[in-house]
Amino acid sequence: MSASHEQNSAAAPNDPNLSEALISLGNLRHNLACIRAITGPQCRVMGIVKANAYGHGATKVTATLEEEGVRDFGVANIYEAIELRQEHLMLPDSRILAFASPLTRHIDLYLQHGVEMTICDHETARTAESIAAASGGRLRVQLKVDTGMGRLGVTPEEAAGLLELIEACPNLELTGIYTHFAENDKPEGFTARQLERFLQVTGAYEHRTGKTVTKHAANSGAIISMPDARLDMVRPGILLYGCHPADAAPSPVPVRPVMQFQSRVIFVKKVPAGTAVSYNRTWSAPEATRIATISAGYADGFHRALSNRTRVSIGGKSFPQVGTVTMDQTMIDLGSDRSVKVGDTAVLFGWDGPTAGEQAIAAGTISYELLCSVSRRVRRIFV
């Protein structure tokens, strides 16, 4: 079996990046405006910048959101919060909430770096009070109520007692109470009961103390489907980055993709009918065709599960991906098309190609995972 290949050094890109993620800060601003348009001016927005802002670059995303008036930010844990503090000089009135329940040895870090801590149990509250008192500081905390997610949080039945304990701790300052929905795209039934249980907890607390506290429950799906859950603050994540929480559903909010994941064509060859392509010979050319190899594979974030199941865009044209996606390269069937050259840009997902949601459906996963999987060796370029 023979094959010939084509190289075109003149077509090689001036930019040396073989794979890159373009990050549109304009689209980020647009998406924030879309969210605010449905939540109203009185509802605060917490920008969810955990997991390096879903792969988009937490430092730049946070700075952009601060320019737009956002002052609340959510990260996964204390180490993400410290990294954000160290890499970006946040505005004095900006706040970071770490969602994870802390280990005892980490509590002092919250005090050192001015990060709000999640409390889920009595022991953590007592330990935090002791550590804060010993340091002479005051620790800002938020109570997480587990209304049905089954992950983190105090039960609604135990929440009142834990709130009383926090109130009795002079070195703890309660800044919020929150919960998380398990099925935020289904506003009735279980989700409605979750919201009801949460509001019973917060209502009882405010009635007993005569104080008001920031209440938040709505992530991206609930922002869209549950107006009653928007409360004092909302927590957009995937919606902020331009994807619908349910990939198969059309978005009623006109958000735009913030990331475009793209790669370069590094090799083009002609192959005769019957030629097998890539590991395990999962695809063979049904007729003579041209194959392009692009410089991105599963180590860059283009999932192996997409093998033989998806398409990419090159020069505004859609081409099928063929063969097993490998660690560093992926093959594309150009058919008889002769316009594609070495150095051309292949869009894996983004505003000029398939959406992250479409690729997620093809891979049998969700857009959240695809965005977070774009690896560190893919250079972020802010446009």
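Asn 308 is found in the loop between β14 (289–294) and β15 (311–314), where strands, like helices, are DSSP runs numbered from the N terminus (helices H or I of at least four residues, strands E of at least two). Its phi is near 65 degrees, a positive value in a residue other than glycine. Because its relative accessibility is 33%, Asn 308 counts as partly exposed, the class that falls between buried (under 20% relative accessible area) and exposed (over 50%), with a 1.4 Å probe and protein chains only. A second loop residue invites the same reading: Ser 278, which lies between β12 (276–277) and β13 (283–284), has a phi near 75 degrees, again positive in a residue other than glycine. Ser 278 has a relative accessibility of 24% and therefore also counts as partly exposed.

These details come from a predicted model, in which local features need pLDDT of at least 70 and side-chain atom pairs count only at pLDDT 80 or more, while totals for chains, interfaces and linings use all residues. Residues are numbered from 1 along each chain as its sequence is written, and side-chain values use heavy atoms, with hydrogens and water left out. The protein averages a pLDDT of 94, and 96% of the residues score at least 70, pLDDT being the predictor's confidence in each residue on a scale from 0 to 100. Over residues 1–13, however, the pLDDT is below 50, although this stretch has 29 contacts in the model beyond near neighbours in sequence, a contact meaning heavy atoms within 4.5 Å. Where pLDDT is low, the predicted coordinates should not be read in detail.

Turning to the whole chain, the secondary structure comes to eleven helices and 19 strands, and the C-alpha atoms fill a box of roughly 80 × 45 × 40 Å along the principal axes. Of the 383 residues, 53% count as buried. Among contacts between residues at least 6 apart in sequence, 68% join residues at least 24 apart.

Three helix pairs can then be followed in turn. The axes of helix α1 (residues 25–39) and helix α3 (residues 58–67) come within 10 Å and cross at roughly 50 degrees; such axes are lines fitted to C-alpha atoms, for helices over the stretch in contact, and angles run from 0 to 180 degrees between N-to-C directions. α1 and α3 are therefore oblique to each other, since angles under 35 degrees count as roughly parallel, over 145 as roughly antiparallel, 65 to 115 as roughly perpendicular and the rest as oblique. The contact is made by Leu 25, Leu 28, Arg 29 and Leu 32 of α1 and by Lys 60, Val 61, Thr 64, Leu 65 and Glu 67 of α3.

Helix α6 (residues 122–135) and α7 pack at an angle of about 5 degrees, with their axes 10 Å apart, and are therefore roughly parallel to each other. On the α6 side the contact is made by His 122, Ala 125 and Arg 126, and on the α7 side by Glu 158, Gly 161, Leu 162, Leu 165 and Ile 166.

Helix α7 (residues 156–167) also packs with helix α8 (residues 190–209), at an angle of about 35 degrees and with the axes 10 Å apart. Here α7 contributes Pro 156, Glu 157, Ala 159, Leu 163, Glu 164 and Glu 167 to the contact, and α8 contributes Arg 197, Val 201, Tyr 205 and Arg 208.
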